[in-house]
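Thanks for coming, everyone. Please have the sequence and the model up on your screens.

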Amino acid sequence: MAKWLRFDLAPSRGKTSVWFVVSKQQGETLGEIKWYGGWRRYCFFPFAETLYEQDCLRSIAEFCETETCKHRQQSKAAIASEFTETSR
């Protein structure tokens, strides 16, 4: 769990999820975490004029990595389910 940040799930905008990265102290939105197709993973898109220290960056990186792993597991499960359905 992030000490200084929270990750708020945004309303659905498509196939992949989007989260707002919010400061727990000020309540300000600092950026978004969303899928970046070019790298095939969730990435952090910081808003202009925002600063981060190592603990916050580590929390953001861990969140991105966790959500990327979840996304890949769900994709594999969906493909396996599709394959099972078509092979019947």
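Lysine 15 is exposed, at 87% relative accessible area. Exposed here means over 50%, buried means under 20%, and partly exposed is in between, using a 1.4 Å probe and protein chains only. Lysine 15 sits in the loop between β1 (5-9) and β2. Helices (H or I, at least four residues) and strands (E, at least two) are DSSP runs, numbered from the N terminus. From lysine 15 to tryptophan 35 is 20 residues along the chain, and their C-alpha atoms are 9.4 Å apart.

A word on the source. This is a predicted model, where local features need pLDDT of at least 70 and side-chain atom pairs count only at pLDDT 80 or more, while totals for chains, interfaces and linings use all residues. Residues are numbered from 1 along each chain as its sequence is written, and side-chain values use heavy atoms, with hydrogens and water left out.

Two more loop residues. Arginine 40 is in the loop between β3 and β4. Arginine 40 is not a glycine, yet its phi is positive, about 55 degrees. Most residues other than glycine have a negative phi. Arginine 40 counts as exposed, at 59% relative accessibility. Glutamate 49 also has a positive phi, about 65 degrees, and is not a glycine. Look for glutamate 49 in the loop between β4 and α1. Glutamate 49 is exposed because its relative accessible area is 82%.

Now the core. Which residues make up the largest nonpolar core? There are twelve: Ala2, Leu5, Trp19, Val21, Leu30, Ile33, Tyr42, Phe44, Cys56, Ile60, Phe63 and Cys64. A nonpolar core is a set of buried Ala, Val, Leu, Ile, Met, Phe, Trp, Tyr and Cys residues joined through side-chain atoms within 4.5 Å. Four elements give two or more residues to this core: β2 (18-23), β3 (29-36), β4 (41-46) and α1 (54-86). α1 gives the most, with four residues. In soluble globular proteins, nonpolar side chains tend to be buried together.

Take isoleucine 33 from that list. Contact means heavy atoms within 4.5 Å. Leaving aside neighbours within four places in sequence, isoleucine 33 is in contact with residues including Phe7, Trp19, Val21, Tyr42, Phe44, Ile60, Phe63 and Cys64.

Next, some buried residues outside that nonpolar list. Glutamate 32 lies in strand β3. Is glutamate 32 buried or exposed? It counts as buried, because its relative accessibility is 10%. Not counting neighbours within four places in sequence, glutamate 32 is in contact with Arg13, Val18, Trp19, Phe20, Cys43, Phe44, Phe45 and Phe47. Now compare glutamate 32 with serine 81: they are 49 residues apart in sequence and 31 Å apart in space, C-alpha to C-alpha.

Move to helix α1, where we find glutamate 67. Glutamate 67 is buried, with a relative accessible area of 11%. Beyond residues up to four places away in sequence, glutamate 67 touches Trp19 and Tyr42. Glutamate 67 and tyrosine 42 are 25 residues apart along the chain, with C-alpha atoms 6.9 Å apart.

Histidine 71 is in helix α1 too. Histidine 71 counts as buried, at 19% relative accessibility. Its contacts, leaving aside neighbours within four places in sequence, are Thr16, Trp35 and Tyr42.

On to the cysteines. How many disulfides does the structure hold? Zero. A disulfide here is a pair of cysteine sulfur atoms within 2.5 Å. Cysteine 43 is in no disulfide, and the nearest cysteine sulfur, that of cysteine 64, is 6.4 Å away. Cysteine 43 is buried, at 10% relative accessible area. Cysteine 64 counts as buried too, at 8% relative accessibility.

Last, the largest pocket. It holds about 230 Å³ of space. Lining it are 14 residues, and the closest to its centre are Ser23, Gln26, Leu30, Leu51 and Cys56. A pocket is an open set of points on a 1 Å grid over the protein atoms alone, where a 1.4 Å probe fits, with protein on both sides within 12 Å along at least five of seven lines; lining residues have an atom within 4 Å of a point. Grid points are joined across faces, edges and corners, and the volume is the space filled by probe spheres set on the points. The lining divides into six nonpolar, four polar and four charged residues. Nonpolar covers Ala, Val, Leu, Ile, Met, Phe, Trp, Tyr, Cys and Pro; charged covers Asp, Glu, Lys and Arg; the others, Gly among them, are polar.
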